[in-house]
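Hi,

Here is the structure I said I'd send over. Have a look at it first, then read my notes underneath.

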Amino acid sequence: MDKRGFEDIDEMHNYIIKKWNAKVNRRDEVIILGDLSFGKAEETNELLKKLNGKLCLIRGNHDNRFLKKTAFDESRFEWIKDYTEIADNNRKIVLCHYPIMCYNGQYRLTTEGKPKTYMIYGHVHDTHDQKLIEEFIKITRKAQSGYRDGTVKNIPCNMINCFCMYSDYTPWSLDEWIEYWKERGTVE
């Protein structure tokens, strides 16, 4: 689907494992935003054994191929969820495989007007759907909304697509993802 440019699946797996392990140590927590594997349970188990870090999984639409099989070993994961919200450096992070256009905490800003909440997703890769989401973000940011205190402000919208090809298959921190999307003009 993404025309990833590898000779075959083994070359892709080896490249991803090398990039992953060069960045992630045993104690790092890594949240995978779904569509981890399109392989069978046994193949996925073998790949997971080769990855550093404490792994967490937001279930993607392709993950049931291995998750529902009795041969799959879930013990490699700290948790597996469809959706969750976490804190990172006093910021709320909304995590879902699918982009959520109106997400919990979207309007919350610091006293300096910086975002307090980010919506992190995968699913759409670098497709036409992602281009539509980027247009939605721009339109939303131009729109205004009234607040309880009587002020009118532009609507915050900080959605981050963590598609692995954007980071050259290297797991990135939230700050690295924010910086990447600031440069592309879709995160404040």
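Below are my notes on the cysteines, two backbone oddities, a threonine and a pocket.

One thing to keep in mind while you read: this is a predicted model.

Cysteines first. How many disulfides are there? The count comes to zero. Take cysteine 96: the nearest cysteine sulfur belongs to cysteine 162 and is 12 Å away, and cysteine 96 is in no disulfide. Cysteine 96 is also buried, at a relative accessible area of 10%. Then there's cysteine 164, whose closest cysteine sulfur is again in cysteine 162, at 10 Å, which is too far for a bond. The cut-off is 2.5 Å between the two sulfur atoms, so the sulfur of cysteine 164, 10 Å from that of cysteine 162, has no partner there. Cysteine 164 has a relative accessible area of 27%, so it counts as partly exposed.

Next, the backbone. Two residues caught my eye for their phi angles. Asparagine 89 is not a glycine, yet its phi is positive, about 50°. You'll find asparagine 89 in the loop that joins strand S4 (83-88) to strand S5 (91-96). Buried or exposed? Asparagine 89 is exposed, with a relative accessible area of 59%.

Aspartate 168 isn't a glycine either, and its phi is also positive at about 50°. Aspartate 168 is in the loop between strand S9 (159-161) and helix H5 (174-184). With a relative accessible area of 33%, aspartate 168 is partly exposed.

Now have a look past the end of that helix. Threonine 186 lies in the segment after H5, and at 1% relative accessibility it counts as buried. What is threonine 186 in contact with, once its neighbours within four places in sequence are left aside? The list is Glu134, Ile137, Arg141, Cys157, Met159 and Trp181.

Last, a pocket. The second largest pocket holds about 240 Å³ of space. Its lining includes Tyr107, Leu109, Thr110 and Gly113, along with a run of names further on: Gly146, Tyr147, Arg148, Asp149, Thr151 and Lys153. By type, the lining of the second largest pocket splits into three nonpolar, four polar and three charged residues. If you want to pick out the charged ones in your viewer, they are Arg148, Asp149 and Lys153.

That's it from me for now. Shout if anything in here is unclear.

Cheers

Terms used. Residues are numbered from 1 along each chain as its sequence is written. This is a predicted model: local features need pLDDT of at least 70, side-chain atom pairs count only at pLDDT 80 or more; totals for chains, interfaces and linings use all residues. Side-chain values use heavy atoms; hydrogens and water are left out. Buried means under 20% relative accessible area, exposed over 50%, partly exposed in between (1.4 Å probe, protein chains only). Helices (H or I, at least four residues) and strands (E, at least two) are DSSP runs, numbered from the N terminus. Contact means heavy atoms within 4.5 Å. On a 1 Å grid over the protein atoms alone, a cavity is a set of points where a 1.4 Å probe fits but cannot get out, and a pocket is an open set with protein on both sides within 12 Å along at least five of seven lines; lining residues have an atom within 4 Å of a point. Grid points are joined across faces, edges and corners, and a volume is the space filled by probe spheres set on the points.
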